[in-house]
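Visitor: Hello! I am new to reading protein structures, and I would like to learn how to look at one. Could you walk me through it?

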Amino acid sequence: MSNTLLMGQYLETHSIFHRLDPRTKLVSMIIIMLSFLMLDTFVSYVVATLFLAGILWLSKIPLLVFWRGLKPVLIILMFTFLYNALSTKGNIIWSWSVIEMTEEGLLNGLRFVWRIVLIILLASILTLTTKPLTLTHGLEKLLAPLSKLNVPVEQFSLMIVIAIRFIPTIMQELDRILLAQKARDYDISALKLPKRIFAYIPILVPLLLTVIQRAEQLTHAIDARAYGNGKGRTSYKQLTFQRVDYQAGGAVILMTVILLLLKIWGF
């Protein structure tokens, strides 16, 4: 299960995105995500999909990795689609008792699911192509002006990156617990879906205890290295913008302008 997660994983493929400054990737991701929220027509969705497909191709990460990463959220995507399909008023194409499925609902459900998939894949590119320490350094640099307002920028950046990195760690612990139960001849994956959902509930207690122990160990490790509040901490690698960063920023701005024009013109 831990191998199916996209968030928190890092893969070295020596692509152009691995060479980008983390600040470029962070700002670009935010801008593109905001532009994806403007999508409302079929043409704009197609343009955004083609743009994201180009990003996935340039990342040199196998598409099978992204497909495996979408599997854990398939239930959420299905629920989102069905909720919109059954709760939106319009031309009824199927009904049963008080349940009605409309044409407008199907379109709304498809748009929401499409948008969620685009955002998930886009966010996964950031963690798949950026090392946790590099991402922390980039966040610190971006949020540095807030330190003048006594905002603990260093601690906040470290907290965000640790939270992202802990996602696959938690899933690894869940895999370990499931394997232990399977060794005792109790295979949750063999149960039917309703029973499987309730079978996961007793696992939450040992999983929560393990996560707390891991967090405590991490706290001791940080204290042992005299991290403190992080202020004045230096970095071996200094972040500098290269030509490829400006090119990537220009491509993001161009894409945002195209999506904005499509929204204005109604295409």
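Visitor: Let me start with charged side chains. Which side chain meets that of E173 in a salt bridge?

Guide: Happy to help! Keep in mind that this is a predicted model. To read a salt bridge, look for a side-chain nitrogen of Lys or Arg within 4 Å of a carboxyl oxygen of Asp or Glu. Here the partner of E173 is R214, with N and O 2.7 Å apart.

Visitor: Where do E173 and R214 lie?

Guide: E173 belongs to helix α8, while R214 belongs to helix α10 (residues 204–224), so their pairing ties together parts that are 41 residues apart in sequence. E173 is buried, at a relative accessible area of 6%, whereas R214 is partly exposed at 33%. There is also a network here: salt bridges with shared partners join E173, R176 and R214.

Visitor: How many salt bridges does the count come to?

Guide: The count comes to four. Among them is the one between D21 and R23, whose side chains meet at 2.9 Å, N to O. Both D21 and R23 are buried. Another links K263 with D40, and their closest N and O atoms are 3.3 Å apart. K263 sits in helix α11 (residues 243–265) and D40 in the loop between α2 and α3 (42–59), so this pair ties together parts that are 223 residues apart in sequence. K263 is partly exposed, with 38% relative accessible area, and D40 is partly exposed too, at 37%.

Visitor: Now the helices. How should I describe two of them that pack together?

Guide: Two packed helices are described by the angle between their axes and the distance between those axes. Try it with helix α2 (residues 22–36) and helix α6 (residues 103–128): their axes come within 10 Å and cross at roughly 180°. An angle over 145 degrees counts as roughly antiparallel, and α2 and α6 are therefore roughly antiparallel to each other.

Visitor: Which residues of α2 and α6 meet?

Guide: From α2 there are K25, L26, M29, I32, M33 and F36, and they meet R115, L118, I119, L122, A123 and L126 of α6. Sorted by type, the residues of this contact are ten nonpolar, no polar and two charged.

Visitor: Is there a general idea behind the spacing of such residues along a helix, and what is it?

Guide: An α-helix has 3.6 residues a turn, so residues three or four places apart point the same way. You can look for that spacing in the residues of α2 that take part in the contact, including L26, M29 and M33.

Visitor: What comes after α6? Where is T130 found?

Guide: T130 is found in the loop between α6 and α7. A useful habit with a loop residue is to check its accessibility and then its partners. T130 is buried, with a relative accessible area of 5%. The T130 side chain makes a polar contact of 2.7 Å with the side chain of K25. A polar atom of that T130 side chain also lies 2.7 Å from the backbone oxygen of L126. Setting aside neighbours within four places in sequence, T130 is in contact with Y10, P22, K25 and L135.

Visitor: And in helix α7, which residues are buried?

Guide: In α7 (residues 132–142), the buried residues are L135, T136, H137, G138, L139 and E140. What covers them includes α2, α6 and α8 (153–183).

Visitor: One last feature: the backbone angle phi. What sign should I expect?

Guide: Most residues other than glycine have a negative phi. That makes a positive value worth a look. H14 is not a glycine, yet its phi is positive, about 60°. You will find H14 in the segment before α1 (16–19), and this residue is exposed, with a relative accessible area of 59%.

Visitor: Where is the place of K60, and is K60 buried or exposed?

Guide: K60 is in the loop between α3 and α4 (63–70). At 55% relative accessibility, K60 counts as exposed. K60 also has a positive phi of about 60° although it is not a glycine.

Terms used: Residues are numbered from 1 along each chain as its sequence is written. This is a predicted model: local features need pLDDT of at least 70, side-chain atom pairs count only at pLDDT 80 or more; totals for chains, interfaces and linings use all residues. Side-chain values use heavy atoms; hydrogens and water are left out. Axes are lines fitted to C-alpha atoms, for helices over the stretch in contact, and angles run from 0 to 180 degrees between N-to-C directions. Helices (H or I, at least four residues) and strands (E, at least two) are DSSP runs, numbered from the N terminus. Angles under 35 degrees count as roughly parallel, over 145 as roughly antiparallel, 65 to 115 as roughly perpendicular and the rest as oblique. Contact means heavy atoms within 4.5 Å. Ala, Val, Leu, Ile, Met, Phe, Trp, Tyr, Cys and Pro count as nonpolar, Asp, Glu, Lys and Arg as charged, and the others, Gly among them, as polar. Buried means under 20% relative accessible area, exposed over 50%, partly exposed in between (1.4 Å probe, protein chains only). A polar contact is a pair of N or O atoms within 3.5 Å; within protein, one must be able to donate a hydrogen and the other to accept it, and residues adjacent in sequence count only if both atoms are side-chain atoms.
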